[in-house]
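Q: Could you take me slowly through one pocket of this protein, and then place it among the other parts? I am new to the structure and would like a connected account.

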Amino acid sequence: SAEKYFIQALRYSPSDPTILLSLLEINIENKNFTEIEKILQQYLKIEKLNINYSLEIIDLYKVFNKSNTSDILNLLINNNPKDIELKYAKAEILILNEKWEELLFLYSDMYIVEENEEIFDALLNMGLMIENPVILYKSLKHIWDNSKNNLEVLELLIQLSYLSEKDNETR
């Protein structure tokens, strides 16, 4: 089989990204999660994984409701930190698991990468929905610390610091 051929080839060239990618494709097709993870670890040490493969792997993990989906997703995001699509996939998982604080920080990271009004609106709406001004403040502060030219963020930070008199963390 093709898999056996690639496994043999890998013995002679263990860091060949083309061979590793071919093995990854075969194991995605066969839904062999143990091998996917093993090969993925090897591949990510030497190369950035194409976004289509990343999304295909995440979709497969979500369909089979794998318990380590978030871990695999974090691994892929670390490999490609500027990719917004992977972060949207993570946002879906965080929403399903109701991890609001982590979601707000993710949205702030996404906004830093791509100053997109939809992302910013989602951050604000979610921040207002969870009714915790400290978390919203920290998320906006994260954006401000990375982009001092965003006056809208500065204005919101000032407003939040006035709104939360009883909480000194936003001062």
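A: In the second largest pocket (an open set of points on a 1 Å grid over the protein atoms alone, where a 1.4 Å probe fits, with protein on both sides within 12 Å along at least five of seven lines), the largest share of the lining, three residues, comes from H6. The model is predicted, so local features need pLDDT of at least 70 and side-chain atom pairs pLDDT 80 or more, while totals for chains, interfaces and linings use all residues. Numbering starts from 1 along each chain as its sequence is written, and side-chain values use heavy atoms, without hydrogens or water.

The lining (residues with an atom within 4 Å of a point) consists of Tyr61, Lys62, Asn65, Lys66, Thr69, Glu92, Ile93, Leu96 and Asn97. Two or more of these residues come from each of H4 and H6, helices being DSSP runs of H or I with at least four residues. Sorted by class, the lining holds three nonpolar, three polar and three charged residues, and the pocket encloses about 160 Å³, the space filled by probe spheres set on the points.

The largest pocket has a volume of about 190 Å³, and its lining divides into eight nonpolar residues, three polar and one charged. H10 gives the largest share there, four residues, while helix H8 (117-129), H9 and H10 each supply at least two. Leu124, Glu131, Pro133, Leu140 and Leu163 are among the residues that line this largest pocket.

Helix H4 (51-63) and helix H6 (84-96), which border the second largest pocket, also each give two or more residues to the largest nonpolar core, a set of buried residues of nonpolar types joined through side-chain atoms within 4.5 Å, where buried means under 20% relative accessible area with a 1.4 Å probe on protein chains only. That core has 31 residues, and those with the most contacts inside it include Leu24, Ile36, Leu40 and Ile57. Leaving aside neighbours within four places in sequence, Leu24 is in contact (heavy atoms within 4.5 Å) with Ile36, Ile39, Leu40, Leu49 and Ile57. Apart from this core lies another, of 24 residues, with Leu94, Tyr107, Ile119 and Met126 among them.

One loop residue completes the picture. Asn150 sits between helix H9 (133-146) and helix H10 (151-163), and Asn150 is buried, with a relative accessible area of 8%. Beyond its neighbours within four places in sequence, Asn150 is in contact with Tyr111, Glu115 and Trp144.

Conventions. Buried means under 20% relative accessible area, exposed over 50%, partly exposed in between (1.4 Å probe, protein chains only). Ala, Val, Leu, Ile, Met, Phe, Trp, Tyr, Cys and Pro count as nonpolar, Asp, Glu, Lys and Arg as charged, and the others, Gly among them, as polar.
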